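Visitor: Please take me through the aromatic rings in this model. I would like a reason for each label.

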Amino acid sequence: RHALGTSLAVVGLAATAGMATQGVAQDLRRTGETERSAALLRRRLVLRTEDLFTTSDEPLAAGERMTSAATLTGDVDGLLTSEITAVVDPNGEARFLSEQQVFALVNGTLVGTGLRRIGDDVVVMAIIGGTGAYRGARGEYTIEGSHVSNGGDGVVTYRFDIMLDAPLTER
């Protein structure tokens, strides 16, 4: 009996909450205000650089930092700055690079971060934010590089898969 009474009380609260929500929506329509909803936009962007400059050509030791900068061309033009830190594994060896990158583009900025295994030519990083046309950006991007230190031509390509909130629209 007690369980039945509790269940009926929970159902009654849920029904009351649902009616209250419908009531608020009806009140908004009556007062001339509108409900708004956000949609998700997906945007792909490809950038590349051929002039990546770093503060060190030597491999980083555990805990050492390096910065890099480059001019970006492609779907939009801009500049790239990175801060890179060598990360230590349990044996005390530097096997990974922790990277924080800012892409200063013509119509806003994108910020990304991730972990790269030293020597990898392809890595996926997270988009953690943006400004301007990229405000609230999230998603991921792939870095494909042919590093000179590995016998490549030094060209690095960034392929972004960006998720953005669409402007609020009236229903």
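**The aromatic cluster**

Guide: Phe 103, Tyr 141, Tyr 158 and Phe 160 make up one aromatic cluster. The model is predicted. Across the whole structure, a search finds 4 aromatic pairs.

Visitor: Why is Phe 103 with Tyr 141 called an edge-to-face pair?

Guide: The ring centres of Phe 103 and Tyr 141 are 5.4 Å apart, with 85 degrees between the planes. Pairing requires centres within 6.5 Å, and edge-to-face requires over 60 degrees, so both conditions are met.

Visitor: What makes this pair a tie between parts of the chain?

Guide: Phe 103 sits in strand 6 (residues 94-105), and Tyr 141 in strand 9 (residues 138-145). The pair therefore ties together parts 38 residues apart in sequence. Phe 103 and Tyr 141 are both buried.

Visitor: Why is the pair of Phe 103 and Tyr 158 called edge-to-face?

Guide: Their centres lie 5.3 Å apart and their planes stand at 75 degrees. The limits are within 6.5 Å and over 60 degrees, so this pair is edge-to-face.

Visitor: Which strands does the pair of Phe 103 and Tyr 158 tie together?

Guide: Phe 103 is in strand 6 and Tyr 158 in strand 10 (residues 156-165), so the tie joins parts 55 residues apart in sequence. Tyr 158 is buried, as is Phe 103.

Visitor: What surrounds the cluster in terms of elements and burial?

Guide: The protein has 1 helix and 11 strands. The helix comes first from the N terminus, followed by the strands. Of its 171 residues, 27% count as buried.

Notes: Residues numbered from 1 in each chain as written. Predicted model: local features only at pLDDT ≥ 70, side-chain atom pairs only at ≥ 80, totals over all residues. Heavy atoms only, no water. Phe/Tyr/Trp six-rings, centres within 6.5 Å; stacked < 30°, edge-to-face > 60°. Helix = DSSP H or I, 4+ residues; strand = E, 2+ residues; numbered from the N terminus. Buried < 20%, exposed > 50% of the residue type's maximum accessible area, 1.4 Å probe, protein only.
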